[in-house]
Amino acid sequence: AGGDGGGREAGRVAVVLGGASGIGRATAEVLAAHGYQVVVADRDGTLAAEVAGGLGRPHESATADVTDEASVAGLFDGVHDRLGRLDAVVNSAGIGSLGLIADQSLEEFRAVVDVSLTGGFLVAKHAGRHLGRGGVLVSLSSLNARQPGVGLAAYCSAKAGLSMLTQVAALEFAERGIRVNAIAPGLVTTPLTAPAAAIPGITEDYLANTPLGRAGTPEEIAQAALYLCSDAAAWITGEILDINGGAHML
Ligand code: NAD
C-alpha cells in the first residue's frame, strides 16, 4: 500500500503519534496510501511496529510517549536525522477516563491531562523545531472539548485545553509557514470507546443527539486528517474541525 500514492504528497514524511490503534492507525494507512512516508509512533511500540509492518516499506515505526519530553524530542530528532525532512504530524495519542469529580483520583485526572494537553504541548514544541515552511500539525481534540459530559471532567478539560493550544500554536507558527489545526470527532468506534459503548444505553443516548444517527469510523476521521495535511488546505490554520454526524448542533 505504501509509497505508491503518487501526487504531490509523494516523498513527504508524516509522523502519526498514537498511530498503533483506532483513528491514528487509520490515518497512518490513509497517509501511506496517498504517498506519504509514514512513521507510526506510539507508546505501544510493539503494536506500532505491527501497523508499520502492514504498511510495508518505506514506512517505519517508533516507540514514543507524548508525556515524556525526552521521548518526544528524540522521536522528531531521529526522524529528521534519518529521513532528512518532516512535513506532517498527526497527534492522535489519547486516553479515556470516566469518573465523577467527587470520586476521581488526582492521579487519574493528571494522567488524562498529561496525555492530551501536556502531550499536545510537547508535540507542538518538538515537531515545531523540525517542521519547515508548508509543514502541518493536526491534533485530535474532541466534541467533548466544547460539550461537557457527566463523568468526563478530565477528558473534556484536557481536550478543551488542547483545542486552545492548537490555536495558540497556529498563531505562533504562522510566520514560519506552518499550519496547526485540530479535528474534533464525535463518537467513533475504536478500542478507546469500546468500554463506554459496552455500558447499556450510552451509545443509544449519544446517537439520539446525532442527526446522522450513527457513530463515525476511524477512516472518516483519517480522510479529514489527510485533507488538513494536504496543500488543498493551505489557507486553513487554527481551525477545530467538527466531524460528528451533526451532533455539535444539538
Ligand atoms: P485508541 O485507544 O484506539 O488509540 C489511541 C492510541 O494512543 C493508542 O494506540 C495508545 O497506545 C496511544 N497512546 C496513549 N497514550 C499515549 C502516550 N502517552 N504516548 C503515545 N501514545 C499514546 O483511541 P482512538 O479512539 O483512536 O482515539 C484517538 C484520538 O482521538 C484520541 O486523542 C482521542 O481522545 C480522540 N477522540 C476519539 C474519539 C472516539 O470516539 N474514538 C472521539 C473524539 C476524540
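Modeller: A polar contact is a pair of N or O atoms within 3.5 Å, where, within protein, one must be able to donate a hydrogen and the other to accept it, and residues adjacent in sequence count only if both atoms are side-chain atoms. This is a predicted model, in which local features need pLDDT of at least 70 and side-chain atom pairs count only at pLDDT 80 or more, while totals for chains, interfaces and linings use all residues. Residues are numbered from 1 along each chain as its sequence is written, and side-chain values use heavy atoms, with hydrogens and water left out.

Biologist: What makes the pair formed by Asp68 and Ala70 at the start of α3 a polar contact?

Modeller: A side-chain oxygen of Asp68 comes within 3.0 Å of the backbone nitrogen of Ala70, and this is inside the limit, so the pair counts as a polar contact.

Biologist: How do you know that the span of helix α3 agrees with what is expected?

Modeller: Helices (H or I, at least four residues) and strands (E, at least two) are DSSP runs, numbered from the N terminus. The expected span is 1.5 Å times one less than the number of residues, so the 15 residues of α3 (residues 69-83) should span 21 Å, and the end C-alpha atoms of α3 are indeed 21 Å apart. After α3 comes Gly84, whose phi is positive, near 80°.

Biologist: Which residues of α3 are called buried, and what covers them?

Modeller: Buried means under 20% relative accessible area, exposed over 50%, and partly exposed in between, with a 1.4 Å probe and protein chains only. In α3 the buried residues are Ser71, Val72, Ala73, Leu75, Phe76, Gly78 and Val79, and their cover includes β1 (13-17), β2 (37-42) and α4 (106-127).

Biologist: Why is Gln37 called buried?

Modeller: The relative accessible area of Gln37 is 19%, which is under the cut-off, and therefore Gln37, a residue of strand β2, is buried. With contact meaning heavy atoms within 4.5 Å, and leaving aside neighbours within four places in sequence, Gln37 is in contact with Arg12, Val13, Ala14, Pro58, His59, Glu60 and Leu83.

Biologist: What makes the peptide bond from Arg57 to Pro58 noteworthy?

Modeller: The bond from Arg57 to Pro58 is cis, with omega near 5°, whereas most peptide bonds are trans. Pro58 itself sits in the loop between α2 (45-55) and β3.

Biologist: How do you know that Leu17 is buried?

Modeller: Leu17, in strand β1, has a relative accessible area of 1% and is therefore buried. Not counting residues up to four places away in sequence, Leu17 touches several residues, among them Leu75, Phe76, Val89 and Val123.

Biologist: Which side chains make polar contacts with oxygen atoms of the ligand?

Modeller: A polar side-chain atom of Tyr155 is 2.6 Å from an oxygen atom of the ligand, and a polar side-chain atom of Thr190 is 2.5 Å from an oxygen atom of the ligand. The protein covers 94% of the 830 Å² of accessible area that the ligand has on its own (Shrake-Rupley method, 1.4 Å probe). The elements giving two or more residues to the shell around the ligand are α1 (22-33) and α5 (153-173).

Biologist: How many residues surround the ligand, and which are the closest?

Modeller: The ligand is surrounded by 29 residues, of which Ser21, Ile23, Asp42, Tyr155 and Thr190 are the closest, a residue being near if one of its heavy atoms lies within 4 Å.
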